[in-house]
Amino acid sequence: MTGKQQMKLGAFLMAGGHHIAAWRHPDAHALAGSDIDHYIALAQMAEAAKFDMIFVEDAAAIRERNPDLAGQAARSTSFEPLSLLAALAVNTSHIGLVATASTSYTEPYGLARTFASLDQLSGGRAGWNLVTSASDLEAENFASSGLRPHAQRYERAQEFADAVLALWDSVEDNAYVLDGAAATYADPRKLHPVDHHGRYFTATGVLDSPRSPQGRPVMVQAGASDVGKDLAARTADVVFAAAQTLADSKAYYDDVKSRLAKFGRQPDDLKIMPGVSPIVAGSESEAREMYETLQALIPDAVGVALLASYLSIGDLSGYDLDGPLPDMPQTQAMQSRQQLIIDTGKRENLSIRESARRFAGARGHWQVFGTPVQIADALQERFEAGAADGFNIMPPLFPTGLQDFIRLVLPELRRRGLFRDAYEGRTLRAHLGLKRSI
Ligand SMILES: Cc1cc2nc3c(=O)[nH]c(=O)nc-3n(C[C@H](O)[C@H](O)[C@H](O)COP(=O)(O)O)c2cc1C
């Protein structure tokens, strides 16, 4: 079977697990977020299993102001993604390394340089997950004027991405020749100084790094509003998305792929990898029991506060938790996730408490429970329906959730020819079947 018909898989690492109560589970390592050996072991496990990439999220802030709502705060005590991936790069040899970084609180040259550096030191395995950031807590750490409006964040993100791509392209292969005998440091014909003077940034000059071993680091994008989808179609190689149902996932997939043509791109130039949080066990009831054990560890106040923060509604505690979600204006923060929560609540007639408990499991991502065959069936169905090119795997608990997925589900996917047995190349672009840019 060719790579084209096989799934791409990311291992989305998150401290002790993706479930909000993971850190309270008896099998969890509560301080996992600040234990480098924990991350190295997970990265090596994912690499031995031939995952395409490791994926790390980010927010440059604590997640929750109130320490009593500690379920959210637990995720904050993690390493900064680029430093973490630099450490993982030297402890792995093949797996792709994707770090989230925001266009709202950095400058293009600095970010282009850091990712170029990660790409060099990993031998062409770096990827940048471009986000615009949507939290007030982050905005407070950087800008006294607070969170910029959604449209302005995306306008800035587009200009930022254009500048970063131009910087990565400012250096051709073998531009820095370092020929001592000829006293030649660089070949000027292979250097293309950038001359960017935009609304938000100025960047001139060339990147002080050799060209990426994979042409350019892989561009990943996470953001699913209308303008977010356009940004992805214009600039991304991979999109990370959240969708509950097959129908929603398919609609999103078709929508994003159909936008590629207007930017002169082919459907295969962009891989869509929705998140999925699997719980695998010997039987479906055993898997649901494992889930309920985690669910029982969520205090209502923590779940409701997490839901309120994604809805940007401030405080939900004054509402009847057994009633439906109240009407609310469209947020300036994460518009796509607010809509997903509202749609799911209406479709399944969920109370605020039920929405909160559902959302706390995987923050709006798809959750599947069952035997290895049932989970492989579910993934195969979405893959073959044209709703995903692969998945970002979000185990509720680390390391056991990742171990179970690798030990039980991957052999089933391989038996069906849906996942690779060995890496075909050494760079992240090669794993993903993406062209080496320029
Ligand atoms: C699947 C997904 C994952 C995201 N991950 C992050 C993240 O790790 N850090 C972050 O600051 N924003 C993250 N975002 C937020 C986006 O960058 C963006 O700021 C926000 O979603 C608003 O854009 P949207 O309305 O287009 O989704 C994520 C968004 C999606 C859809």
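Start by selecting Gly10 and Asn392: Gly10 stands opposite Asn392 in strand β11. Before going on, note that this is a predicted model, where local features need pLDDT of at least 70, side-chain atom pairs count only at pLDDT 80 or more, and totals for chains, interfaces and linings use all residues. Residues are numbered from 1 along each chain as its sequence is written, and side-chain values use heavy atoms, with hydrogens and water left out.

**Stop 1: strand β1**

Now widen the selection to residues 8-13, which make up β1. Strands here are DSSP runs of E with at least two residues, helices are runs of H or I with at least four, and both are numbered from the N terminus. β1 runs parallel to β11 (residues 390-393), joined by four bridges; two strands pair if DSSP finds at least two bridges between them.

Add residues 53-56 for β2, which also pairs with β1 in the parallel sense, over four bridges. Here Ala11 is the residue to click, as it stands opposite Ile54. Bring in helix α1 (residues 36-48) too, and you have a right-handed β-α-β unit made of β1, α1 and β2. Right-handed means that, with the strands pointing away from the viewer, the path from the first strand over the helix to the second runs clockwise.

Which way do the side chains of β1 point? Lys8, Gly10 and Phe12 point one way, Leu9, Ala11 and Leu13 the other way, and all are buried. In a regular strand the side chains alternate between the two faces of the sheet. Buried means under 20% relative accessible area, exposed over 50%, and partly exposed in between, with a 1.4 Å probe and protein chains only.

**Stop 2: helix α12 and the largest cavity**

Next, select residues 352-362, helix α12. Its buried residues are Ile352, Ser355, Ala356, Phe359, Ala360, Gly361 and Ala362. What lies over them includes β9, α9 (284-295), α10 (300-311), α11 and β10 (366-370). Step just past the helix to Arg363, and you'll find a positive phi of about 55°.

Time to look for empty space. A cavity is a set of points, on a 1 Å grid over the protein atoms alone, where a 1.4 Å probe fits but cannot get out, and lining residues have an atom within 4 Å of a point. Grid points are joined across faces, edges and corners, and a volume is the space filled by probe spheres set on the points. The count is three cavities of 30 Å³ or more.

The largest has a volume of about 60 Å³. To see its walls, show Gln244, Leu307, Leu340, Ile341, Thr344, Leu350, Ser355, Arg358 and Phe359. Helices α11 (335-347) and α12 each supply at least two residues of that lining. Colour by type and you get five nonpolar, three polar and one charged; Ala, Val, Leu, Ile, Met, Phe, Trp, Tyr, Cys and Pro count as nonpolar, Asp, Glu, Lys and Arg as charged, and the others, Gly among them, as polar.

**Stop 3: the second largest cavity**

This one has a volume of about 50 Å³. Its lining is Ala116, Trp168, Val171, Leu207, Ser209, Pro210, Arg211, Ser212, Gly215, Arg216 and Pro217. By type, they divide into six nonpolar, three polar and two charged.

**Stop 4: a few single residues**

Jump to Ser277 in strand β9 (residues 271-280). Is Ser277 buried or exposed? Ser277 is buried, with a relative accessible area of 4%. Leaving aside neighbours within four places in sequence, Ser277 is in contact (heavy atoms within 4.5 Å) with Ala362, Trp366, Gln367, Val368, Met394, Pro395 and Pro396.

Glu140, in helix α5 (residues 136-142), is partly exposed at 47% relative accessibility. Draw a C-alpha to C-alpha distance from Glu140 to Leu130: these residues are 10 apart in sequence and 20 Å apart in space.

**Stop 5: backbone oddities**

Two residues to check sit in the loop between α6 (150-168) and β5 (194-197): Leu178 and Ala183. Leu178 has a positive phi, near 45°, and is exposed at 60% relative accessible area. Ala183, also not a glycine, has a positive phi of about 55° and is exposed at 70%.

Finish at Pro399, in the loop between β11 and α14 (400-415). The peptide bond from Phe398 to Pro399 is cis, with omega near 0°.

How values were computed. 1 Å grid on protein atoms, 1.4 Å probe; cavity = no way out; pocket = protein on both sides within 12 Å on 5 of 7 lines; lining within 4 Å.
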